[in-house]
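Look at the sequence and the model together before reading on. The paragraphs below go from a single residue to the whole chain and then to other local details.

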Amino acid sequence: MNLVNLQEVSLAYGPLVLLDGVSLGIDEGDRIGVVGRNGGGKSTLVSVLAQATEPDSGRVIHNRGLRVGFLHQRDSFPDTTVGAYVLGDRAEHEWAGDPRVRDVLRGLLGGWDLGAGMDTLSGGERRRAALARLLTGEHDLIVLDEPTNHLDIEGIAWLADHLNARKEALVVVTHDRWFLDAVTNRTWEVVDGRVERYEGGYAAYVLAKAERERLAAAAEERRQNLMRKELAWLRRGPQARSSKPKFRVDAANALIADVPPLRDTVELVSFASARLGKTVIDLEHVDLKAGDTPLLEDLTWQLGPGDRVGLVGVNGAGKTSLLRLLAAEREADGGRVRRGRTVKLAHLSQNLAELDPRTRPLEAVNEVRQFVTIGKREYSAGQMLERFGFRGDRQWTPIGDLSGGERRRLQLLRLLMDEPNVVLLDEPTNDLDIETLNELEDLLDGWPGSLVVVSHDRYFLERVTDRTLALMGDRTLAFLPGGVDEYLSRRARQEGRDAVPGVAASAGGDSSGGGEEAQNAAPAVSAAERRAAQKEMQRLERRMDRIGKREEELHSLMAEAADDYTRLADLDAELKTLQAEKEELEERWLAEAERIGE
């Protein structure tokens with residue numbers, strides 16, 4: 001059944017046309033992701049769809065009695081308690097007995113006091129409360145504008161699972177590409193006042209768009225190469241080992257047949273070793289505290305030349321504190337931190353550095369450097385600004401008139417223009433649109449140096465890093481061969497089912513998920529088989545650790561043998577053999593973990 005129709009809808013703000021004669025419809029069961037550049041009209045489109053904004057012309061027709069749940073980017077909040085705001089006037093026995101409501105409260109407000117006032121919440125907490133309020137209601141169509149903002153990796157995974165279990169039609173605006181692939185089956189791209197429609201989620205959209213541009217020969221060469229590179233990552237990256245996306249059609253394989261690997265790891269590590277030397281940052285028996293609370297104890301870890309590390313962890317476990325320690329912005333509470341003499345470090349924190357609001361972006365970048373070399377190419381400040389979305393007159397717009405996302409992009413660009421050889425990024429994807437994320441990933445592909453990234457953007461994390469480490473809240477730093485999937489699996493085992501906030505464990509049934517349903521979900525393996533699998537996983541982990549250490553040795557040897565091509569070829573052959581073995585070990589580790597449900 002058709003739910004919503006737009007007929008020749010147009011809307012403009014002054015000279016800026018956001019929607020120009022748009023006609024489209026939403027049917028029952030549609031799950032639509034909306035993408036496009038910041039300021040291109042995505043939020044305007046969904047606001048018009050939800051009849052929260054009147055168009056200048058055209059018609060918006062809703063099916064009679066249509067119930068629409070709309071999550072705005074900016075909501076107003078009444079002076080009331082969290083419980084009253086989220087649950088309304090429903091009695092406790094009524095909502096506590098509803099499994100869906102309990103799931104929403106557990107997933108979004110776990111550990112919260114429902115009697116607390118809304119005025120005591122931070123902006124991010126209010127956003128979660130607004131999402132919980134919407135998801136506890138009954139709707140025919142759910143419209144979400146940036147729902148993953150202020151959610152961590154676990155929260156985003158929960159939201160994807162929750163939405164997939166619901167039957168309502170869905171329209172979602174987000175820059176989170178993993179989330180788009182997880183919950184949508186159609187994609188709308190808002191561009192130049194039009195809405196281009198594609199079948200499938202983000203991965204299918206990338207394929208269809210690249211193929212459309214290839215056949216039409218309409219896109220400029222650099223943009224098309226970026227899209228092909230993105231597609232190659234989707235085909236070859238960690239996602240290719242999971243159930244989706246898998247591209248097995250001839251068109252996709254032909255499209256990426258001549259695309260080289262994303263990064264020439266040997267060349268980049270060799271170059272990084274030459275720039276950094278053997279020592280980058282070594283932590284030896286380090287203790288780290290937040291006030292009197294221990295975050296890390298007796299940590300020994302080495303960041304080597306060319307290492308690309310993704311750092312995940314529970315909130316409050318110390319990710320930002322660890323980055324500040326690496327950046328020499330705070331001291332360790334015990335142990336020793338050694339930094340190489342050639343380290344030139346840049347740290348992108350979550351707090352925006354203040355710039356003179358009267359300065360123009362081009363002036364602000366030129367203050368740092370007029371030209372920068374990335375890989376084997378040299379770029380001017382103006383060219384780099386274009387790559388980061390500052391086109392034409394936008395390079396001369398006063399910084400005080402830029403949006404928060406644009407200032408974030410400018411801050412990141414200034415860091416990269418200073419040509420650091422160690423970069424620490426704390427939530428770098430905040431407020432960046434997909435096109436800018438693609439550009440940033442492409443720049444980092446050719447950037448030689450050591451990289452540590454903290455991000456809730458799972459796609460970005462897997463795209464630009466080669467290893468994943470986790471702070472699990474137990475004062476240790478864990479290596480995760482299985483990446484983010486392994487982290488989520490460990491967290492699920494670590495936490496189990498949290499009680500619904502404000503409700504006793506017995507209210508409304510067994511909140512731990514026990515009973516027949518839990519028994520059905522239990523892995524069908526014996527205790528002896530489980531012990532054998534865990535022993536095998538530990539053996540595989542030890543072998544992968546040894547391979548990792550040998551890889552570091554080989555990288556150093558290759559840097560020393562840069563002029564001895566025969567020696568370099570032998571070392572490269574050994575490195576490739578080890579990498580192939582490591583990939584096989586990871587596959588076996590994942591298979592064992594899946595077999596026993598870990």
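Contact here means that heavy atoms lie within 4.5 Å. The model is a predicted one. With that in mind, begin at Y487, which sits in helix 18, the helix that spans residues 483-495. Which residues is Y487 in contact with, leaving aside its neighbours within four places in sequence? They are E154, V312, G313, V314, A470, M472 and L480. L471 can be placed by distance: its C-alpha atom is separated by 9.5 Å from that of Y487, and the two residues are 16 apart along the chain.

Is Y487 buried or exposed? A residue counts as buried when its relative accessible area is under 20%. Y487 has a relative accessibility of 1%, so Y487 counts as buried.

Now step back to the whole chain. The protein chain has 598 residues, of which 51% count as buried. Its secondary structure comprises 21 helices and 20 strands. Among contacts in the protein chain with a separation of 6 or more, 70% are between residues 24 or more positions apart. The chain exposes about 27,600 Å², and carbon and sulfur atoms supply 45% of that area.

Two strands give a view of local pairing. Strand 10 covers residues 281-290 and strand 11 covers residues 293-303; they run antiparallel and are joined by seven bridges. Within this pairing, D282 stands opposite Q302 of strand 11. The hairpin that strand 10 and strand 11 form has two residues between the strands, and there G291 takes a positive phi near 70°. As background, side chains in a regular strand alternate between the two faces of the sheet.

Another strand to find is strand 4, residues 57-62, where H62 lies. A polar atom of the H62 side chain is 2.7 Å from the backbone oxygen of L49. L49 is also one of the contacts of H62 outside its neighbours within four places in sequence; the others are L3, V4, A50, Q51 and V68.

Finally, consider how confident the prediction is. The pLDDT of the protein chain averages 81, and 83% of the residues score at least 70. Over residues 241-249 the pLDDT is below 50, although this stretch has 22 contacts in the model beyond near neighbours in sequence. Residues 503-523 also have a pLDDT below 50, with 19 contacts beyond near neighbours in sequence. Where pLDDT is low, the predicted coordinates should not be read in detail.

Key
Residues are numbered from 1 along each chain as its sequence is written. This is a predicted model: local features need pLDDT of at least 70, side-chain atom pairs count only at pLDDT 80 or more; totals for chains, interfaces and linings use all residues. Side-chain values use heavy atoms; hydrogens and water are left out. pLDDT is the predictor's confidence in each residue, from 0 to 100. Two strands pair if DSSP finds at least two bridges between them. Helices (H or I, at least four residues) and strands (E, at least two) are DSSP runs, numbered from the N terminus. Buried means under 20% relative accessible area, exposed over 50%, partly exposed in between (1.4 Å probe, protein chains only). Accessible areas come from the Shrake-Rupley method with a 1.4 Å probe; for residues, only the protein chains shown count as cover. A polar contact is a pair of N or O atoms within 3.5 Å; within protein, one must be able to donate a hydrogen and the other to accept it, and residues adjacent in sequence count only if both atoms are side-chain atoms.
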